[in-house]
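Please look over the structure shown here, with attention to its strand pairing and its internal cavities.

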Amino acid sequence: MNAHADVLQPLRHLLTLEHLPRAQLVALLDRAQAHADGHSERSALAGIAICTLFFEASTRTRLSFQLAAQRLGADVLNFDVSTSSTRKGETARDTLRTIEAMGVRGFVVRHNEDGAVAALAASAGAETSLINAGDGRSAHPTQGLLDMLTLRQAKGTDFSRLKVLIVGDVTHSRVARSDLHALRTLGTGVVRVCGPAALLPDDDTLAGCEVSHDLDAALEGVDAVMMLRLQRERMEEGLVSSIEDYHRDFGLTAARLRRASDEAVVMHPGPINRGVEITDEVADGPQSLVLRQVRNGVAARMAVLEALLA
Ligand code: CP
């Protein structure tokens, strides 16, 4: 049992980072860092079965959860929607209850509907834990965790000194919402958000943020730039006039990046639309932490699986 076990004890599901107490968020990040440093108990989840239940496509999240569970000694089942009985009309709830009946205790669930993972959690058995691996545009808590871990490694643990800029399609981004929840909880000094008006939500998602539609101005002096993918699969037609216009106004180029702090880092959750929200030169350049984010995904997910299931 790790030193943060008491703080993490009350977590049964991880559905969102919103309202997660700072002590729990920091404990998860500390534990994720320990995993990143190689301090893992290889049999922490021995005898525990975990199922990745993805009703929407994924590369990073699904594979890193698989790897994380295997590194902790769990038995891992990967549910394949395309060959499953959901094709015969079985509901997500019945699918979960069926796999649960086999003795599976942990479910990592991705779904295209907002709130779908919370609804499944409400119908799960008392011994079952669910982790939201992304639901609609609502939340992607483990992406938020791995992003904070990456930012902390690059910039230190005192977020009050940081200016962080989030750029792009916030309206359709569950990553942006989870990042904003975590950045607020960690007391980030300045959070700027920049994007076309049509892609910035007008509810309380951006409360407390400096909002701008001018990327050149928004980049001035920031310590970290978090680029978002243009979520074309969740977007109504016509919200963006053209990909070329979007790139001209909101694409991160090497020339633009010079407006940020000299030590600024660039992040992107992936998958990247190269040449749309970010150029190859920036995505693959020295300030990019994109692959470090991917690597940290395994450590962050190990911390979450351990906190919920060990
Ligand atoms: N960032 C992220 O969630 O990527 P995948 O869709 O590949 O899992």
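The report below takes up a pair of strands and then the enclosed cavities.

## Strand pairing and crossover

In this predicted model, strand β1, which spans residues 49–54, pairs in the parallel sense with strand β2, residues 75–79, over 5 bridges. Within this pairing, I50 has V76 of β2 as its bridge partner. Between the two strands the chain passes through helix α3, residues 60–71, and the resulting β-α-β crossover is right-handed.

## The largest cavity

Searching the whole structure gives 2 cavities of 30 Å³ or more, and the largest of them holds about 60 Å³ of space. Its lining consists of R60, S64, Q143, L146, P269, Q293, V294 and R301, which by class are 3 nonpolar, 3 polar and 2 charged residues.

Helices α3, α6 (141–155) and α12 (290–309) each contribute at least two residues to the lining of the largest cavity, and the largest share, 3 residues, comes from α12. Helix α3 thus appears both in the crossover from β1 to β2 and in the lining of the largest cavity.

## The second largest cavity

The second largest cavity has a volume of about 30 Å³, and D147, V175, D179, M226, M227, L228, M267, H268, P269 and Q293 line it. These lining residues divide into 6 nonpolar, 2 polar and 2 charged, while helix α7 (174–185) and strand β8 (224–227) each supply at least two of them.

P269 and Q293 are named in the lining of the largest cavity and also in the lining of the second largest cavity.

How values were computed:
Residues numbered from 1 in each chain as written. Predicted model: local features only at pLDDT ≥ 70, side-chain atom pairs only at ≥ 80, totals over all residues. Heavy atoms only, no water. Pairing = 2+ DSSP bridges. Helix = DSSP H or I, 4+ residues; strand = E, 2+ residues; numbered from the N terminus. Right-handed = clockwise from strand over helix to strand, strands pointing away. 1 Å grid on protein atoms, 1.4 Å probe; cavity = no way out; pocket = protein on both sides within 12 Å on 5 of 7 lines; lining within 4 Å. Points joined across faces, edges and corners; volume = space filled by probe spheres on them. Nonpolar A, V, L, I, M, F, W, Y, C, P; charged D, E, K, R; others polar.
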